[in-house]
Amino acid sequence: QYRGNQLDRSSGRLEFTDFMAARKGIQFKLAHAASGSISAGSFSIPDLAIRSDSGHSVKVDLGGYQGEWRATVNGELDLNVLEFFTPFVVQSKGAAELEFALRGRFLEPVFSGKAELRGGFVRIAGLDSPLENLVGRLTVRQGKWSLSGFTADLAQGRVQGSGQIQLFTD
């Protein structure tokens with residue numbers, strides 16, 4: 001039973017039985033069905049996993065306790081996922097190693113963690129040459145997203161970068 005903006009008072013059952021996102025030979029699927037119950041805003045689905053057709057998978061331990069998120073995301077995310085989120089990435093290969101956590105109130109989530117990129121490939125619309133041998137680390141902490149140690153080969157040269165951006169959720 002769901003009561004509008006009162007997620008912390010919800011009860012019932014959560015089931016993830018089927019999921020697929022596909023595009024131009026890229027496919028992400030739910031690795032297997034996962035379920036759990038919810039009572040007074042507390043729930044646990046410890047074995048939710050999404051797998052790409054290239055074999056990379058991400059495990060999500062999804063849960064909440066008394067209206068607050070208690071979730072983690074770990075594993076290798078196929079870089080092909082970039083093609084779903086931006087039209088600027090027209091081709092991508094490789095994977096990023098993820099270690100993320102989700103905490104905070106249900107309607108005010110707080111993300112933290114890191115993504116490590118080693119040896120990726122991204123072709124961006126408008127560039128003649130792709131970015132190859134991508135390496136870098138993205139960290140997220142208290143709304144601050146930081147990129148460090150970013151390097152890539154581009155045509156006959158090398159690209160390097162780092163920086164931070166503060167995101168506000170209000």
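A surface patch here joins residues with over 30% relative accessible area and no salt bridge, and nonpolar side chains are linked within 5 Å. In this predicted model, Trp145, Ile165 and Leu167 make a nonpolar surface patch of about 270 Å². Leu167 follows strand E14 (157-166) in the chain. Its relative accessible area is 41%, so Leu167 is partly exposed.

Aromatic contacts were examined next. The count comes to four aromatic pairs. One of them joins Phe28 and Phe84. The geometry is edge-to-face, with 5.6 Å centre to centre and 70 degrees between the planes. Phe28 belongs to strand E3 (residues 26-30) and Phe84 to helix H1 (residues 82-85), so this pair ties together parts that are 56 residues apart in sequence. Burial was assigned for both partners. Phe28 has a relative accessible area of 7% and is therefore buried. Phe84 is partly exposed, because its relative accessibility is 29%.

Phe43 and Trp69 form another edge-to-face pair. Their ring centres lie 6.1 Å apart, and the planes meet at 85 degrees. This pair also links distant parts of the chain. Phe43 sits in strand E5 (residues 42-52) and Trp69 in strand E7 (residues 68-69), 26 residues apart. Both rings belong to buried residues under the cut-off of 20%. Phe43 has a relative accessible area of 11%, so it counts as buried. Trp69 is buried as well, because its relative accessibility is 18%. Phe43 and Trp69 join Phe106 in one aromatic cluster.

A charged side chain also meets a ring. Lys93 lies over the face of Phe121, 5.2 Å from the ring centre.

Charged pairs were considered last. Side chains of opposite charge can pair when their charged atoms come close. The structure holds six salt bridges. Among them is the contact between Arg13 and Glu15, at 3.3 Å from N to O. Arg13 is exposed, because its relative accessibility is 53%.

Lys59 forms a salt bridge with Asp61, and their closest N and O atoms are 2.7 Å apart. Lys59 is partly exposed at 35% relative accessibility. Asp61 is partly exposed at 27%.

Glu68 and Arg70 form a further salt bridge, with the closest N and O atoms 3.6 Å apart. Glu68 has 27% relative accessibility and so counts as partly exposed. Arg70 is also partly exposed, with a relative accessible area of 39%. Elsewhere, a network of salt bridges links Glu116, Arg118 and Arg137.

Note on methods: Residues numbered from 1 in each chain as written. Predicted model: local features only at pLDDT ≥ 70, side-chain atom pairs only at ≥ 80, totals over all residues. Heavy atoms only, no water. Patch = residues over 30% accessible without salt bridge, like charges linked within 9 Å, V, L, I, M, F, W, Y side chains within 5 Å. Areas by Shrake-Rupley, 256 points an atom, 1.4 Å probe, with all protein chains shown as cover. Salt bridge = Lys/Arg side-chain N within 4 Å of Asp/Glu carboxyl O. Helix = DSSP H or I, 4+ residues; strand = E, 2+ residues; numbered from the N terminus. Buried < 20%, exposed > 50% of the residue type's maximum accessible area, 1.4 Å probe, protein only. Phe/Tyr/Trp six-rings, centres within 6.5 Å; stacked < 30°, edge-to-face > 60°. Lys NZ or Arg CZ within 6 Å of the ring centre and 35° of its normal.
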